[in-house]
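Grab a pencil and work through these short exercises on a protein model. Try each task yourself before you read its solution.

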Amino acid sequence: MIQHLAIIMDGNGRWAKARGLARSEGHRAGSERVREVLNYCKDVGIKYLTLYAFSVENWTRPKDEVATLMSLLSMYLVNELPLFHENRIRLRVMGRMSDLPGNVQMALTHVMDETKGYDQHLILCLSYGGRTEIASAAKQIAERVVRGELTVDAINEETVAQYLYLPDVPDPELIVRTSGELRLSNFLLWQASYAEFYSTPVCWPDFDRAEFDKAIAAFGKRERRFGGVEAVK
């Protein structure tokens, strides 16, 4: 069983280039794929879906491309809210939401407030970086130590985990990356410690039900030992 699936949605630009289209069309096609993957997750009982939508490094992309991505995000939020209500999907954000344009922040806040009572989770990583998240947790812990609220000896893995962006969300069992790349790219560095990794050569806009099922089937064949000798069921 997979409770939490995380996906690095890669290959929108390459998908568009292969078809002689602008990169923006690849991003548009990618945003439409999200709806389908949410349905796939619901069908197989996956409660948490985390999508690497925009990294802290993505701010260095051309301004027009960043503007297109932000515009697509705003439109996605407006268009998908009825679907979130219909399927009881809770939207959450992981990352530095304050970095985003004001109108995007307002749209995100509105949808998160509207859906906060639902139990199916869609987590968008926006202006997110794994190192940034861990550094933020370390800073908060250090501030508590300075104030005398926490001793150094009391700091352990559980302490750090409490100061991550979404401490109540379980670690992902499976991380999927599309477009054939074999790296995490600063994604969920803490939470991915024991996650299984699956890479597919298919670009994100083409990640259909057949490809989704392949990833789930591959996970089912893995033996998860968590550092031990015998596989943990």
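**Exercise 1.** Find which residues of H4 are buried, and work out how they sit around the axis.

Step 1: H4 is a helix, that is, a DSSP run of H or I with at least four residues (a strand is a run of E with at least two), numbered from the N terminus. The buried residues of H4 (under 20% relative accessible area, 1.4 Å probe, protein chains only; exposed is over 50%, partly exposed in between) are Val 104, Ala 107, Leu 108, Val 111, Met 112 and Thr 115.

Step 2: These residues lie on the same side of H4, because they cover an arc of only 130 degrees around the axis. The arc is taken from the directions from the helix axis to the C-beta atoms.

Step 3: Now flip to the face turned away from the buried side: there you meet the exposed residues Asn 103 and Met 106.

A word on the source: this is a predicted model, where local features need pLDDT of at least 70, side-chain atom pairs count only at pLDDT 80 or more, and totals for chains, interfaces and linings use all residues. Residues are numbered from 1 along each chain as its sequence is written, and side-chain values use heavy atoms, leaving out hydrogens and water.

**Exercise 2.** Name elements that cover the buried residues of H4.

Step 1: The cover includes helix H3 (63-87), strand S3 (89-94) and strand S4 (120-128).

**Exercise 3.** Count the helices and strands, then give their order.

Step 1: The chain has 7 helices and 6 strands.

Step 2: Along the sequence, the pattern reads β-α-α-β-α-β-α-β-α-α-β-β-α.

Definitions and conventions. Contact means heavy atoms within 4.5 Å.
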